[in-house]
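Q: Please take a close look at one part of this model, the sheet and the helices packed on it. Walk me through it step by step, as I am new to this structure.

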Amino acid sequence: VGCNMKCKCCQNWQISQVSATEFDFSREFTPEEIVTMAVTDKDNIGIAYTYNEPGMWFEYMFSVAGLIQERGLQNVMVSNGYISEQPLNDLLTRIDAFNIDLKGFSEDFYRNFTGATLETVLQTLRKIRLSGRHLEITCLVIPGQNDDPDDFGRMISWIEDELGKNTVFHLSRYHPAYKLGLEPTSSADLERLLGIARKKLSHVYAGNIQLKDYQDTRCHNCHNIIIKRAGYYTSKIAVTESGLCRHCGTHVIIC
């Protein structure tokens, strides 16, 4: 049904999570039943659609999202961004925040690893940004496949130019699993790419690894830490309820 995904900029999401022990996988659930679970979950503000690609069950997600919207709750979509224009336009009327995988920055990589096209995903990112919905990007770094510094630098430049320097960007460490048994991404390589990203983007985070200074949120104006993180624990130490940095008054929360 969902996960505890939280936007890195504001940490205001508390998304419904139904554990395996509470969820009956032996039957189908109607959209109305899913929404009932969401609205009765204490302190929950909505649903995240994720794992596997939610675009594969678009109609069901769209129905649930509409009901959630009617109840005044929020919808979050975690997606690979490979979606046709019309269903994306429909989703933009109901989804409040998106986390999109930008898996690499070459058509060859996309064709060889996903059978998809890079340009389609770039178009999705442009449309989400133009819609005013909250947008975050995640890139999984696979050693020897999508970690070329030049290609990565072009990706970061494209994000800055097309989506804005305040776009939240997550760079995740790859671990071998299922059909790909390459060695895990080294922390040194990940930090090298994180450094490239930080030269142009204000909100850059490391995923699947604990790296000092890549978990916390800093004000993009005065650069003081305003939100501290340790694993799933979060402390808003210098941000007001209206989303302002307590040090300099800059509007930091963007969702």
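**The sheet and its helices**

A: Start with one pair of residues: Ala48 has Val76 of strand 2 as its bridge partner. That pair belongs to a wider link. Strand 1 and strand 2 (residues 74–79) run parallel and are joined by 4 bridges.

Now step back to the whole sheet. This is a predicted model, and in it 6 strands form an open sheet. Their order is 1-2-3-4-5-6, and the pairing is parallel. Two strands sit at the edges: strand 1 (46–49) and strand 6 (203–207). Each of these edge strands pairs on one side only. Neighbouring strands of the sheet are turned against each other by 15° on average, direction ignored.

Next come the helices. Helix 2 (residues 58–70) lies across strand 1 and strand 2. Its direction runs at about 160° to strand 1. Helix 6 (residues 149–163) also packs on the sheet. There, helix 6 touches strand 4 (134–141) and strand 5 (168–173). The direction of helix 6 makes about 160° with that of strand 5.

Helix 6 has a helix partner too. Two packed helices are described by the angle between their axes and the distance between the axes. For helix 6 and helix 7 (residues 187–198), the axes come within 9 Å. They cross at roughly 35°. The crossing of helix 6 past helix 7 is right-handed.

Which residues meet there? From helix 6 come Pro149, Phe152, Gly153 and Ile156. From helix 7 come Leu193, Ile196 and Ala197. By type, the residues of this contact divide into 6 nonpolar, 1 polar and no charged.

One more strand deserves a look. Strand 9 (residues 233–236) holds Thr234. Is Thr234 buried or exposed? With a relative accessible area of 30%, Thr234 is partly exposed, because that value falls between the 20% limit for buried and the 50% limit for exposed. Gln215 lies 19 residues away from Thr234 along the chain. The C-alpha atoms of these two residues are separated by 9.9 Å.

Finally, consider the confidence of the prediction. The protein chain averages a pLDDT of 90. Of the residues, 90% score at least 70. Residues 1–14 are another matter: over that stretch the pLDDT is below 50. Beyond near neighbours in sequence, residues 1–14 have 64 contacts in the model.

Conventions. Residues are numbered from 1 along each chain as its sequence is written. This is a predicted model: local features need pLDDT of at least 70, side-chain atom pairs count only at pLDDT 80 or more; totals for chains, interfaces and linings use all residues. Side-chain values use heavy atoms; hydrogens and water are left out. Two strands pair if DSSP finds at least two bridges between them. Axes are lines fitted to C-alpha atoms, for helices over the stretch in contact, and angles run from 0 to 180 degrees between N-to-C directions. Contact means heavy atoms within 4.5 Å. A crossing is left-handed if the near helix is turned anticlockwise from the far one by less than a right angle, and right-handed if clockwise. Ala, Val, Leu, Ile, Met, Phe, Trp, Tyr, Cys and Pro count as nonpolar, Asp, Glu, Lys and Arg as charged, and the others, Gly among them, as polar. pLDDT is the predictor's confidence in each residue, from 0 to 100. Buried means under 20% relative accessible area, exposed over 50%, partly exposed in between (1.4 Å probe, protein chains only).
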